[in-house]
Each structure stands twice: as structure tokens, then as C-alpha cells.
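Trainee: Hey, could you walk me through this one? I'd like to ask as we go.

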Amino acid sequence: MNVRHRKSKKSNRRNDSFDARAIFRQYGEQDWGEYPVPAVHLSQRFKFDEGGYYHCCCSIPLPEVAQSE
């Protein structure tokens, strides 16, 4: 999880982490539905495309999964 913009009292931001266990305890049984992920993108930091998104260096298509009913 990206914690770059999280407010933190820690002075060592290099090893800053996020503990989501409390969130999983509260919402772990909740059904949030499904969302197909067609590909994984490898992006270059600090370089953006014309739409303002990170520049995609490589895209790896993922296999389609049959929808369950």
C-alpha cells in the first residue's frame, strides 16, 4: 500500500509501513464484489504520460478468468 502521503510521527520515512490488520478484522468478511484485472503495468516513477498517469514501461496481460454466477 502506498503510504507516501500518510501523516506520520515517525522520523524514519524509509521504513514506514501500514498495519491493516484492524481494517481486515472489521471488514474482512465483507463481500466487495469482483473486478477483472486485465493486465499488470510496470510504471516508471517520476515520468508521466499525457493523461497524467505514470508512464507504462511494460504491460503484462493476464489470462481471462471465467465469471462465476
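Mentor: Sure, let's start with Tyr35, which is exposed at a relative accessible area of 71%. "Exposed" means over 50% relative accessible area, "buried" means under 20%, and "partly exposed" is in between, using a 1.4 Å probe and protein chains only. One caution: this is a predicted model, where local features need pLDDT of at least 70 and side-chain atom pairs count only at pLDDT 80 or more, while totals for chains, interfaces and linings use all residues. Residues are numbered from 1 along each chain as its sequence is written, and side-chain values use heavy atoms, leaving out hydrogens and water.

Trainee: Okay, and where is Tyr35 found?

Mentor: Tyr35 sits in the loop between α1 (21-27) and β1. Those labels come from DSSP runs numbered from the N terminus: helices are H or I with at least four residues, strands are E with at least two.

Trainee: How many helices and strands does the chain have?

Mentor: There is 1 helix and there are 2 strands, and reading along the sequence gives the pattern α-β-β.

Trainee: How do β1 and β2 run?

Mentor: They run antiparallel, with 7 bridges joining β1 to β2 (residues 54-61). Two strands count as paired if DSSP finds at least two bridges between them. Together β1 and β2 make a hairpin with 5 residues between them, and Gly52 in the turn has a positive phi of about 90°.

Trainee: Which residues stand opposite each other?

Mentor: Leu42 stands opposite Cys58 in β2. Val40 has Ile60 in β2 as its bridge partner.

Trainee: Back to Tyr35. Which patch is it part of?

Mentor: Tyr35 joins Val37, Val40, Ile60 and Leu62 in a nonpolar surface patch of about 510 Å². Patches are built from residues with over 30% relative accessible area and no salt bridge: nonpolar side chains (Val, Leu, Ile, Met, Phe, Trp, Tyr) are joined within 5 Å, like charges within 9 Å. The areas come from the Shrake-Rupley method with a 1.4 Å probe, and for residues only the protein chains shown count as cover.

Trainee: And what about the chain as a whole, how much is buried?

Mentor: Of its 69 residues, 4% count as buried. The chain exposes about 7,400 Å², and carbon and sulfur atoms supply 54% of that.

Trainee: New topic: which side chains meet in a salt bridge?

Mentor: Asp19 and Arg21 do, at 2.6 Å from N to O. The structure holds 1 salt bridge, meaning a side-chain nitrogen of Lys or Arg within 4 Å of a carboxyl oxygen of Asp or Glu. In general, side chains of opposite charge can pair when their charged atoms come close.

Trainee: Are those two exposed or partly exposed?

Mentor: One of each. Asp19 is partly exposed at 47%, whereas Arg21 counts as exposed at 56%.

Trainee: How many aromatic pairs are there?

Mentor: The count comes to 2. In one of them, Phe48 and Tyr54 have ring centres 5.2 Å apart and planes at 20°, so that pair is stacked. The rule is that rings of Phe, Tyr and Trp (its six-membered ring) pair if their centres lie within 6.5 Å, with planes under 30 degrees apart stacked, over 60 edge-to-face and the rest tilted. Tyr54 is partly exposed, at 44%.

Trainee: What is the phi of Phe46?

Mentor: Near 65°, a positive value in a residue other than glycine. Most residues other than glycine have a negative phi. Phe46 is in strand β1 (residues 39-48), and it counts as exposed at 59%.

Trainee: Last one: where does Pro63 lie?

Mentor: Pro63 lies in the segment after β2 and is exposed, at 67%. Its C-alpha is 9.2 Å from that of Val37, though they are 26 residues apart along the chain. Glu64 is also in the segment after β2. C-alpha to C-alpha, Glu64 and Pro36 are 8.1 Å apart, with their positions 28 residues apart in sequence.
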